[in-house]
Amino acid sequence: MNETESREKAERAPVLTAERLQKSFRAGSTAVLVLTGIDMVFREGLCYTIQGVSGSGKTTLLHLLAGLENPDSGQVLYRNQDISRFSRKQLAVWRGQAIGLVFQAYHLLPELTALENVNLPAMLFGQRDAKPGWELLKAVGMIHRSHHRPSELSGGEQQRVAIARALRNDPEILIADEPTGNLDEETGMEVIDLLLSLHKSRGKTLVLATHDPRLAQRGDRQLVLTGGKLEHAGRPFHPSPSRPDSPTVTSESRRERESKRFS
Ligand SMILES: Nc1ncnc2c1ncn2[C@@H]1O[C@H](COP(=O)(O)OP(=O)(O)OP(=O)(O)O)[C@@H](O)[C@H]1O
Ligand SMILES: [Mg+2]
């Protein structure tokens with residue numbers, strides 16, 4: 001780690017922490033172990049890109065980080081709170097407010113206009129003010145398409161709307177799963193430029209899975225998921241020293257472990 005990275009690490013607080021995350025899926029009578037032990041600290045305002053061959057577990061990891069699925073073991077901590085201890089309601093509120101999700105397939109609701117799609121996450125929390133939706137559509141260059149339905153928009157335009165929607169509740173963390181996967185190269189790059197500029201200007205932590213090495217290179221931290229573990233791209237992962245098994249570690253010991261773990 002160079003001096004700049006050390007200074008940056010000291011200044012930026014952890015937002016999401018993965019601790020010894022394991023996840024398997026049943027395939028008939030056998031269990032397929034997908035994630036074998038993910039340890040990672042995601043810090044405020046940085047962009048983390050995750051590469052990995054198809055089936056390596058990128059989507060699985062993003063789902064665990066967003067609390068959409070539960071790990072078999074290990075924890076996801078949001079600012080030192082174990083999200084597995086949240087009630088269903090707390091988890092839904094946390095996910096809706098702290099996490100913005102962007103998917104490969106956009107997942108806009110077809111019967112709603114662009115503006116309505118963008119404002120939907122806020123409406124779920126009882127906020128009916130349409131103005132922030134307009135502002136976000138402006139920020140993603142889609143104000144002229146506010147009243148169009150998704151079927152009337154190109155793929156790139158739909159992804160811009162989906163990015164605006166992900167930002168609607170002003171989340172701290174943006175999680176994007178192959179956001180350019182359905183787009184041609186040029187449109188994909190435009191969407192990524194937009195996503196990166198919004199992440200930077202708004203200080204969001206961005207965790208982005210991609211198959212595109214050029215896109216991955218644009219991350220502040222470039223990671224590869226292989227063999228069920230996360231490695232830094234281009235250099236081997238050195239596991240941190242043994243950790244206490246107890247889930248009730250003190251904040252001090254957690255901090256010590258964080259300083260040893262790569263991030
Ligand atoms: N719900 C599920 N049930 C059973 N197996 C699953 C499930 N979800 C994922 N898997 C398996 O877990 C492995 C990892 O899948 P995942 O979708 O996380 O990979 P990925 O790295 O995102 O791949 P891609 O690059 O193709 O999107 C795959 O072998 C997949 O078949
Ligand atoms: Mg995937």
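# Exercises on a predicted model

Both faces of β7 are covered: I173, I175 and D177 on one side, and L174 and A176 on the other, are all buried. The model is predicted, and the exercises below start from this strand.

## Exercise 1. The surroundings of β7

Task: state how many residues of β7 are buried, and find which strands pair with β7 and in which sense.

Solution.
- Step 1. Five of the five residues of β7 are buried, so the strand counts as mostly covered.
- Step 2. To one neighbour, β6, the strand β7 is joined by five bridges, and the two run parallel. Within this pairing, D177 of β7 is the bridge partner of F103.
- Step 3. Five bridges also link β7 with β8, again in the parallel sense. Here D177 has A209 in β8 as its bridge partner.
- Step 4. From β7 the chain passes through α7 to β8, and this β-α-β crossover is right-handed.

## Exercise 2. The sheet as a whole

Task: give the order of the strands in the sheet and name the edge strands.

Solution.
- Step 1. The sheet is open and has six strands, in the order β6-β7-β8-β3-β9-β10, with mixed pairing.
- Step 2. At the edges are β6 (99-103) and β10 (229-232), each of which pairs on one side only.
- Step 3. On average, neighbouring strands of this sheet are turned by 20° against each other, direction ignored.
- Step 4. Between β3 (residues 47-51) and β8 (residues 205-209) there are four bridges, and these strands run parallel. I50 stands opposite A209 in β8.

## Exercise 3. Helix α2 and ligand 1

Task: determine which strands α2 lies across, which of its residues are buried, and which residues surround ligand 1.

Solution.
- Step 1. Helix α2 (residues 58-65) lies across β3, β7, β8 and β9 (221-226), and its direction is at about 150° to that of β8.
- Step 2. Six of the eight residues of α2 are buried: K58, T60, L61, L62, L64 and L65.
- Step 3. Just after the helix, G67 has a positive phi of about 70°.
- Step 4. The shell around ligand 1 consists of F25, V32, V34, G52, S54, G55, S56, G57, K58, T59 and T60. Two elements, β2 (30-43) and α2, give two or more residues to this shell.
- Step 5. The largest share, three residues, comes from α2.
- Step 6. Sorted by class, the shell has three nonpolar, seven polar and one charged residues.

## Exercise 4. The loop after β7

Task: is G181 buried, exposed or partly exposed, and where in the chain is G181 placed?

Solution.
- Step 1. G181 is in the loop between β7 (173-177) and α7 (185-202).
- Step 2. Within 10 Å of its C-beta position lie 15 other C-beta atoms. A residue is buried at 20 or more and exposed at 12 or fewer, so G181 is partly exposed.
- Step 3. In sequence G181 and D212 are 31 residues apart, while in space their C-alpha atoms are 8.9 Å apart.

## Exercise 5. The chain in total

Task: summarise the secondary structure, the buried share and the sequence range of the contacts.

Solution.
- Step 1. The protein chain has nine helices and ten strands.
- Step 2. Of its 263 residues, 37% are buried.
- Step 3. Taking contacts between residues at least 6 apart in sequence, 70% join residues at least 24 apart.

Methods:
Residues are numbered from 1 along each chain as its sequence is written. Chains are lettered from A and ligands numbered from 1 in the order in which they are written. This is a predicted model: local features need pLDDT of at least 70, side-chain atom pairs count only at pLDDT 80 or more; totals for chains, interfaces and linings use all residues. Two strands pair if DSSP finds at least two bridges between them. Axes are lines fitted to C-alpha atoms, for helices over the stretch in contact, and angles run from 0 to 180 degrees between N-to-C directions. Two residues are in contact if their C-beta atoms, placed from the backbone, lie within 7 Å. A residue is near a molecule or strand if its C-beta atom, placed from the backbone, lies within 6 Å of it. Ala, Val, Leu, Ile, Met, Phe, Trp, Tyr, Cys and Pro count as nonpolar, Asp, Glu, Lys and Arg as charged, and the others, Gly among them, as polar. A crossover is right-handed if, with the strands pointing away from the viewer, the path from the first strand over the helix to the second runs clockwise.
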